[in-house]
Amino acid sequence: MVLVLNLKDNAGVALRGSTLTAVMVGAAVCALAWFTLVLLSFIALRPQRLHQTGQVVSGIVAGVLCVAVMAPFAFTANTIRTANQLLDDVLAPVDDGSTPAPVRAEDPWNGRKRVNFLLVGGDAAGNRVGVRTDSMTVASVNIATGNTVLFSLPRNLQYVRFPPSSPLRKVFPNGFNDEGQGLLNSVWYYADNNPQVMGGKNRGAQALKDAIGYTLGLHIDYYAMVDMYGFAALIDAVGGLKIRVEQDVKWGGKFGTAGTIKAGYRTLNGEEVLWYGRSRVDTDDFSRMGRQRCVIGALAQQVTPATVLANFNRIAAAARHMFRTDIPRDLLEHLVPLGMKVRNAKITSLQFVPPLIYTGNPDWAKIRKLTLEAIRESMTDRGAVAATASPMTSAGSASSATPSGSPSGSMSPSVSPSASPSPSASRTPVLAGASPRATPTPNDKPAKSLSELCGF
């Protein structure tokens, strides 16, 4: 009864290691108790009084009853054990030299008003060396309301800067330009393959968090990386996703010879969802990014606790090999109620692609300004469209919108666009002499709700 009351007030308690162990032990005790009850009842009926055939039949019936009453508890114990192992595998400490901050039950967010998650889609296919982060989205969540802004960054965003605290700042003072291009999706790969620069192994995630956080003017708190092919298995495990496909999407090779996802409001299986979010046949990276955020939105809205429970073993099998994250396990119980808020809150989306942002010569100040405005607009109760960036309103709000300048204190310490020098202070050698505002992009593109963009 105490456990039920705790779960009613906070569903995240169910994910505590102690709770899972208690449920496992309780299931085993209940199974044993029912087995004992059936056995003692059978003995009390004195089956030896029956003739030989009656004794055999009654023994079989008693055995079937023992199995029948024990099966639900055995299933429960096995499911809980699988869940516990999954959480241990997925949320295992990352060997990257970092020390996670302790999670306090009374204040798990350490006083923050917002928490920022970097969601990464990694492609480590057999024809590639290392991991390329082909999908990068920051989910900035208001802890009080669950209102969320999704910021999508293109993989070919060039010459990103690093904060002064990053070892890569000394190597690339004018922006990341490894291999002469400096694409954003190579930052993780470069850091993992140059441990002597990063000061240790497995620092790719931190390097990417530094680069993206500095670009947006946010502090990235945690990351979660999903393997693309494991993701397809996860979608199959939950029964597919309902997605509005605006136009036919071909996939496979350069000419889309493997298949076509037909236009319409359809339920897509794992392979179809994967290629819906990855295909660039007859399209480009930026259209692909738009489809990817619709997939994220569909997951947030359509995968319910009932769906997870009904398909748990399949989900666990897919998830064990597809996730990497630095979210501490102790924080997980607090993420569950936050996730429930997000599911019913306003979700807006903004992607930094042409014509809004020219990826070959990004306007870093503009990116930060749009980020801050989108976050501010998401905290209002107005309609779905967020954060327009006209030249006049942008200039005014960017100069005064700092965390300490917020009269209500609603801005989070995680949002600090003025906390460090703007990454637009210097340009790459390729673009030397270019104006920080030299970009062929307009200033009037708003962030929009996923309902508008994806037809949910």
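The following paragraphs lead through a packed pair of helices, the strand before them, a set of salt bridges and one buried serine. The structure is a predicted model, and every value given here is computed from it.

A convenient place to begin is aspartate 227, which belongs to strand 4, the run of residues 222-227. With a relative accessibility of 24%, aspartate 227 counts as partly exposed, because the buried class is reserved for values under 20%. Threonine 133 stands 94 residues away from aspartate 227 along the chain, yet the C-alpha atoms of these two residues are separated by 9.5 Å.

Helix 8 spans residues 228-237. Seven of its 10 residues are buried, so helix 8 is largely enclosed by the rest of the structure. The buried residues are Met228, Gly230, Phe231, Ala232, Leu234, Ile235 and Ala237. Just after helix 8 comes glycine 239, whose phi is positive, at about 90°.

The partner of helix 8 considered here is helix 9, residues 270-278. In general, a pair of packed helices is described by the angle between their axes and by the distance between those axes. For helix 8 and helix 9 the angle is about 135°, and the axes lie 7 Å apart. The two helices are therefore oblique to each other, since an angle has to be over 145 degrees to count as roughly antiparallel. Their crossing is right-handed.

Which residues bring helix 8 and helix 9 together? On the side of helix 8 they are Met228, Tyr229, Phe231, Ala232, Ile235 and Asp236, and these meet Gly270, Glu271, Val273, Leu274 and Arg278 of helix 9. Sorted by class, this contact comprises seven nonpolar residues, one polar residue and three charged residues. Among the helix 8 residues in the contact, Met228, Phe231, Ala232 and Ile235 also appear in the list of buried residues.

Attention now turns to charged side chains. Side chains of opposite charge can pair when their charged atoms come close. The count of salt bridges in the model comes to five, and three of them are described here. One joins glutamate 246 to arginine 244, with a distance of 3.1 Å from N to O. Glutamate 246 is exposed, at 62% relative accessibility, whereas arginine 244 is partly exposed, at 31%.

Another salt bridge links aspartate 248 with lysine 262, at 3.9 Å from N to O. Aspartate 248 sits in the loop between strand 5 (241-245) and strand 6 (249-251), and lysine 262 in the loop between strand 7 (259-261) and strand 8 (264-268), so this pair ties together parts that are 14 residues apart in sequence. Both ends are partly exposed: aspartate 248 has a relative accessible area of 42%, and lysine 262 has a relative accessibility of 47%. A further salt bridge is formed by arginine 266 and glutamate 272, with 3.8 Å between N and O. Arginine 266 counts as partly exposed, at 25% relative accessibility.

The last stop is serine 140, a residue of strand 2, which runs over residues 132-142. Is serine 140 buried or exposed? Its relative accessible area is 0%, so serine 140 is buried. Apart from neighbours within four places in sequence, serine 140 is in contact with Arg114, Val115, Asn116, Asn147, Thr148, Val149, Phe151 and Ile375.

Key
Residues numbered from 1 in each chain as written. Predicted model: local features only at pLDDT ≥ 70, side-chain atom pairs only at ≥ 80, totals over all residues. Heavy atoms only, no water. Salt bridge = Lys/Arg side-chain N within 4 Å of Asp/Glu carboxyl O. Buried < 20%, exposed > 50% of the residue type's maximum accessible area, 1.4 Å probe, protein only. Helix = DSSP H or I, 4+ residues; strand = E, 2+ residues; numbered from the N terminus. Axes fitted to C-alpha atoms, helices over the stretch in contact; angles between N-to-C directions. Parallel < 35°, antiparallel > 145°, perpendicular 65-115°, else oblique. Left-handed = near helix turned anticlockwise from the far one by under 90°. Contact = heavy atoms within 4.5 Å. Nonpolar A, V, L, I, M, F, W, Y, C, P; charged D, E, K, R; others polar.
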